[in-house]
Amino acid sequence: MMDNIIKRLIGENTTCDFKEFLERKQFKSWLKSVSAFANGLGGSLFFGVNDDGEVVGLSNIKSDTEFISDKIKTIIDPIPDFELKTFQTEDGKNILELRVLSGSMTPYYFVNSGSRIAFVRMGDESVVANAHQLSGLVLKGRNVTYDSLSTEYTLKEMSFDVLAKAYEKQTGSPFQEKLLRSFSLITDKGFLTNAGVLFSDQCPYRHSSLYCTRWTGIHKDDAKDSREYQGNLLSLLDAGEQFVDLHNLKGWVKLPNRRLNTPDYSRRAVFEALVNAFIHRDYSELGSEVHIDIYDDRLVIYSPGGMFDGTLIQDRDLDDVSSKRRNPILADVFAQLDFMEKRGSGLRKIYNETAKLPGFTEAKEPRFRSQATSFYTELLNNNYRSQTNDPVNDPVNDPVNDPVKSFTLLQKDLISLLKETPTITRPELCERLNVSLATIRRAIAQLKELNIIERIGSDKAGYWKVKSGVDKLIKGR
């Protein structure tokens, strides 16, 4: 059973790892977490605690403290800010907490035997940063963002008619060239920043693209309509809106004296989701683009790049999401155009705008999911129930009465894995799905409550059983 002191300490940390004892010879096993915590949001390592959160204690806590401090100072470069604290349980067992603070001098490397490796957090694991993640850490350490970097393009080569028209329409004021400098779209030397290129009429960046597809049915089978767009951000935003409008059909909700027409999706919610995708995507990830995928039952917007602060959106409260931005210049320009608010309330607004649709229920609320390199916004079709003659007013097939229709992307992936490998463990699920253990436990609890899955046997020797027929509904994802 988890000790009360551990419960309290975990509650004070957003990220933590447990170590039953201090590995002195295999110090990389815990120093990689030091690197990852410093490169991310920070976190804590608890020594003297096993993987189940049970306190086993340390026999020589003073010596362990000195060893940890020495290894960090000689192996991690640059040296991160850290704290070492000791705690004692009621039965006299000693715990050592190594708290590593989020660093500003990234990347923080593990340096040993000629190797120089930076680690980052992915779910509950500390993994080697890939080339793309490493370049992001370098920019962060220089206090520079991708959109602020200067390019070789000059103002003479580019025009900003689309931006000017949007500015004049939204503000009622004339657009003047000096705004380009105040918006940080050009440098003092007359070169465009990456943000400037992304807003220019000629935008030559191939990765400034949008792929739109209307699929047949609820899976990626045959495409009814498929289009690709490339260009500046405002033209992509407009193209995305028009594509969704084309496939945003009208249904109806039965009122006491009349029928009320209602669209599949809130137009404003779609707009907010697209703005969020273009502002927060990772533009340094070349060869990627924003996607809009429309199915019979949902609309999914994919954006390259996970949460900028390294967290997983599915683990966060929408009212407590950090306003840190990967591309502050892009965000500021969109805010100047009144296309977004500066206080970081975009996701909440997507929810609120969707909730205004007639006949909206909690089963139709927007869903957000992120991984280390991706962000998904899923809007459920407000008019979709099932293939019946009366698709809107069909209580038998309503998602409120049939929770299978309301599975999140994570739950669908989880069910597939449990069906594929019934003996899979929770830590293995975390690794396969790139989510935290808390997220896995919450998703499993929800599926158990819905009687979709059950655990047969003990945690160590048992297996998962998926309700008969459920796997057919998620086949082909």
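**Close-up views of a predicted model**

**View 1. Asp51 and its negative patch.** Asp51 sits in the loop that runs between strand E2 (43-47) and helix H3 (61-75). This is a predicted model, as are the views that follow. With a relative accessibility of 67%, Asp51 falls in the exposed class. Asp51 also belongs to a negative surface patch, together with Glu20, Asp52 and Glu54.

**View 2. Asp64 paired with Arg24.** Here the side chains of Asp64 and Arg24 come together in a salt bridge, at 2.8 Å from N to O. The two are 40 residues apart and tie distant parts of the chain to each other: Asp64 is in helix H3, while Arg24 is in the loop between strand E1 (16-19) and helix H2 (28-39). Asp64 is the buried partner, with a relative accessible area of 8%. Arg24 comes out as partly exposed, with 34%.

**View 3. Asp245 paired with Arg267.** Another salt bridge joins Asp245 to Arg267, and their closest N and O atoms are 2.8 Å apart. This pair, too, links distant parts of the chain: Asp245 belongs to helix H8 (residues 233-247) and Arg267 to helix H9 (residues 267-280), with their positions 22 residues apart in the count. Asp245 is partly exposed at 32% relative accessibility, and Arg267 is partly exposed at 49%.

**View 4. Lys356, Glu353 and a salt-bridge network.** Lys356 and Glu353 make a salt bridge in which the closest N and O atoms are 3.2 Å apart. Lys356 counts as exposed, at 61% relative accessibility. Glu353, at 15%, counts as buried because that value is under the 20% cut-off. Elsewhere, Asp297, Arg298, Arg367 and Glu378 are joined into one network by salt bridges that share partners. Across the whole structure, the search turns up 18 salt bridges.

**View 5. Asn383 and its polar contact.** Have a look at the loop between strand E18 (374-380) and helix H12 (409-420), which is where Asn383 is found. Asn383 is buried, and its relative accessible area is 8%. Its side chain makes a polar contact with the side chain of Asp264, at 2.7 Å.

**View 6. Two cis peptide bonds.** Going from Asp77 to Pro78, the peptide bond is cis, and omega is near -5°. Pro78 is part of the loop between strand E3 (76-77) and strand E4 (82-88). The bond from Thr106 to Pro107 is cis as well, with omega near 0°. For Pro107, the setting is the loop between strand E5 (94-100) and strand E6 (109-112).

**View 7. Positive phi at Asn143 and Ser184.** Asn143 isn't a glycine, yet its phi is positive, near 60°. You'll find Asn143 in the loop between helix H4 (131-141) and strand E9 (150-154), and with 71% relative accessibility Asn143 is exposed. Ser184 isn't a glycine either, and its phi is positive at about 65°. The loop that holds Ser184 lies between helix H6 (178-182) and strand E10 (191-193). Ser184 is partly exposed, with a relative accessible area of 31%.

Note on methods: Residues are numbered from 1 along each chain as its sequence is written. This is a predicted model: local features need pLDDT of at least 70, side-chain atom pairs count only at pLDDT 80 or more; totals for chains, interfaces and linings use all residues. Side-chain values use heavy atoms; hydrogens and water are left out. Patches are made of residues with over 30% relative accessible area and no salt bridge: like charges are joined within 9 Å, nonpolar side chains (Val, Leu, Ile, Met, Phe, Trp, Tyr) within 5 Å. Accessible areas come from the Shrake-Rupley method with a 1.4 Å probe; for residues, only the protein chains shown count as cover. A salt bridge is a side-chain nitrogen of Lys or Arg within 4 Å of a carboxyl oxygen of Asp or Glu. Lys and Arg count as positive and Asp and Glu as negative; His and the chain ends are not counted. The place of a charge is taken as NZ of Lys, CZ of Arg, CG of Asp or CD of Glu. Helices (H or I, at least four residues) and strands (E, at least two) are DSSP runs, numbered from the N terminus. Buried means under 20% relative accessible area, exposed over 50%, partly exposed in between (1.4 Å probe, protein chains only). A polar contact is a pair of N or O atoms within 3.5 Å; within protein, one must be able to donate a hydrogen and the other to accept it, and residues adjacent in sequence count only if both atoms are side-chain atoms.
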